[in-house]
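Trainee: Could you take one part of this model and walk me through it closely? I'd like to see how it sits in its surroundings.

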Amino acid sequence: MNLQELIIQNKSYEELKNLALVFNSSLKEILESTQEIFNSQHKASPVELTDGRFMLCADLLTEIKASGLYSQGFGLLDNDLFAQVEVISMEEASNLLPVSLEEI
Amino acid sequence: MGHIKIFGKTKIEGKTGFYQPPPYDSTAAAYIAAVEAADGQALESSIKIAYNDFIVGCKSDGIWSALKASCILAGARTLSGALVPLVGTTPINNNFVSADYNRRTGLKGNTTTKYINPRRAINADPQNSHHYGVYVTEAPNLTTTRGFIGNAPSTGVNNFINAVTFNNTLGLNNRNAASNLPNQGLTTGYKGTTRSASNSWSVRTGNTNFNYTSASSTPNSSAFGVFARGTGTFADARMSFYSIGENLNLALLDTRVSNLMTAINAAI
């Protein structure tokens with residue numbers, strides 16, 4: 001599934017928080033430059049995965065409609081790019097996160 | 001003329017039936033106005049009184065001026081309201097959504113992406129006069145290290161509070177001096193650390209102070225994270241307060257924050 005298909009499904013927060021949006025560095029740069037256009041207090045900040053891709057939690061989609069916390073930036077993104085964003089389970093994405101060392 | 005608090009309002013004695021808002025402290029009034037503007041709606045009187053009592057209490061305790069970056073992550077009607085700074089610069093919300101926020105219990109993190117950037121550097125406060133702390137209302141899922149606040153830069157001096165799986169330990173670093181408190185990683189309530197001198201620092205957790213004499217190291221300019229250490233090692237805890245600043249009496253702050261959370265819970 002990709003982001004375009006996920007948006008159409010209109011899933012709930014409880015469902016979305018178990019999904020991850022995964023994309024390449026080019027899309028990450030577009031996301032960051034888009035958010036630099038305005039100075040919002042609320043930022044979609046991707047986390048780098050060990051395979052070089054980047055990830056956001058899909059629950060951000062609960063805030064993309066009018067007056068949503070991330071609606072301003074989302075509205076400026078080119079919708080054609082959404083098909084390039086892969087949707088995977090958060091469990092799968094978590095396995096691709098860098099592992100923190102225990103510090104005792 | 002005397003004033004009596006009745007259901008969050010003030011009755012002026014001798015004027016039966018006439019009510020007026022309580023006279024809020026000027027700092028509290030400004031904070032309340034900013035929260036209401038961010039919420040787009042007025043707060044209940046009981047919440048405003050809780051905020052006012054907290055600020056007035058901190059001033060009375062002599063700890064208010066030590067707070068340099070802080071948010072009350074409860075009471076406000078919206079996440080935007082909760083992120084109005086009590087003190088300091090407006091923080092940056094990274095990836096939190098409205099559904100993560102609960103007016104009574106605070107903001108819920110996750111283990112993968114969510115953190116607040118309070119926009120305060122680790123070295124913004126003096127090396128030997130600083131504090132940072134959080135109020136935890138729901139413990140993290142402790143399957144690996146979970147950062148509550150601070151930073152652990154790849155090079156440089158550590159300043160953080162986190163929970164680690166080994167013995168459910170609360171692990172702290174204060175200017176590179178370490179403390180490990182078994183069985184405190186999954187407890188709720190106030191958790192903080194303060195340093196009052198080059199070789200004197202304290203931790204507060206579980207309503208208890210732990211005092212240490214280890215020396216400080218010079219911090220760098222790396223940024224604090226909240227619900228994380230910097231921008232990683234995220235915590236899926238729920239938290240309702242954080243503060244960063246100069247040295248202060250942790251027990252007094254703990255009492256004020258605990259009373260604030262009790263008042264907010266009673267008000268909603």
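Mentor: Let's start at a helix end: B:N249 caps the N-terminal end of α4(B), with a side-chain oxygen 3.0 Å from the backbone nitrogen of B:A251. Before going on, this is a predicted model, where local features need pLDDT of at least 70 and side-chain atom pairs count only at pLDDT 80 or more, while totals for chains, interfaces and linings use all residues. Residues are numbered from 1 along each chain as its sequence is written, chains are lettered from A in the order in which they are written, and side-chain values use heavy atoms, without hydrogens and water.

Helices here are DSSP runs (H or I, at least four residues; strands are E, at least two), numbered from the N terminus. Helix α4 of chain B covers residues 250–267, and its 18 residues at 1.5 Å each should span 26 Å (1.5 Å times one less than the number of residues); the end C-alpha atoms are 25 Å apart, which agrees.

Its buried residues (under 20% relative accessible area, 1.4 Å probe, protein chains only) are B:L250, B:L253, B:D254, B:V257, B:S258, B:L260, B:M261 and B:I264. They cover an arc of only 160° around the axis (taken from the directions to the C-beta atoms), which puts them on the same side of α4(B). The face turned away carries B:T262 and B:A266, both exposed (over 50%).

What covers that buried side? Among the elements in contact (heavy atoms within 4.5 Å) are α2 (45–61), β4 (67–72) and β18 (238–245) of chain B. From β4, B:I72 touches B:L260, B:M261 and B:I264, among others.

Key: A polar contact is a pair of N or O atoms within 3.5 Å; within protein, one must be able to donate a hydrogen and the other to accept it, and residues adjacent in sequence count only if both atoms are side-chain atoms. Lists of a residue's contacts leave out its neighbours within four places in sequence.
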